[in-house]
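User: Please take a close look at one part of this model, the four-stranded sheet, and describe how the strands pair and what packs on them.

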Amino acid sequence: MATTVSGCSEECVSLLDSLDPSCSALKKVGGVNRRVYIGQLSQLSSYGQDTTTKDITAITLGSCGSTSYKLKKFSGKKYKNNGTYELTVGENVNVVMQSAILVLYHFTSRDKEKIEQLFNAEDLFVIFENNAGQVEVWGIEFGLNASAGSGGTGVLLNDPTAFTITLSGEQSTLSRIFNVGPTSTLAQNLAYLDAIAN
C-alpha cells in the first residue's frame, strides 16, 4: 500500500505494462535505410500523437511570412546512418540521451557548406526510415544539437570520405514511430513526409 507524504503518493510511477515482445519485435531487423529528414523545433507548429499507440501521426510546420517551412530531406547510403539511446540517471528524473548519427556525403564546396549549417543549428529533430519498414522520429521533445563530428579524405581509394555528425539531446522518452494512421503503409508515411520536405 502506498503511503502519502504532503499529498504526494510515493508510488509516482504506474505499474509496467506487459513487456512480452511481439513476434515482429523479436524479428525486427536493425539499421537505418538511406532516407533521412531533418527539421527544427523552432519551425515546428505542432505534432499529433495517438493516445493509444503513442505513435506520432502528424507533423505541422509553421511559416515565415508567405514562406512555409520544410523538412530537409536527404538520401545517403544504406547501413551508414544510425541512432543510439543511453539512459542517464538524474537526481530528479531519469532522461534518455538520444543520438542521431548521420553520414553526410559531399563533393562540392556548396555540399560542405550545407553540412556546416548543422554545426550550430539548435533543437533539431531527425526522422529515419529504418530497415524494418518503419519511420522513427528522434529528438522531437526537446531537440538535438551537434555533439561530435569527424571526416577526412582517407588514404586508400575505398576509404570513407564522408563527414559523420552526431546530433544528441536529452529526452524523456525513446524515439517514437511515425504513422499517419493505424493501417498506413511505409509508402503512405513517406509520401506524407515528402509533401512537407524539400
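Analyst: β13 and strand β14 (residues 163-171) pair in the antiparallel sense through 6 bridges; two strands count as paired if DSSP finds at least two bridges between them. One of the positions is Ala148, whose bridge partner in β14 is Thr166. This is a predicted model, in which local features need pLDDT of at least 70, side-chain atom pairs count only at pLDDT 80 or more, and totals for chains, interfaces and linings use all residues. Residues are numbered from 1 along each chain as its sequence is written, and side-chain values use heavy atoms, with hydrogens and water left out.

The pair belongs to an open sheet of 4 strands, ordered β9-β10-β14-β13, with antiparallel pairing. Helices (H or I, at least four residues) and strands (E, at least two) are DSSP runs, numbered from the N terminus. At the edges stand β9 (82-88) and β13 (145-151); each has a single partner strand, so one side of each is left without a neighbour in the sheet. From one strand to the next, the twist averages 20 degrees. Axes are lines fitted to C-alpha atoms, for helices over the stretch in contact, and angles run from 0 to 180 degrees between N-to-C directions.

Helix α2 (residues 109-120) lies across β10 (95-104), β13 and β14, where contact means heavy atoms within 4.5 Å. The helix α2 runs at about 25 degrees to β14.
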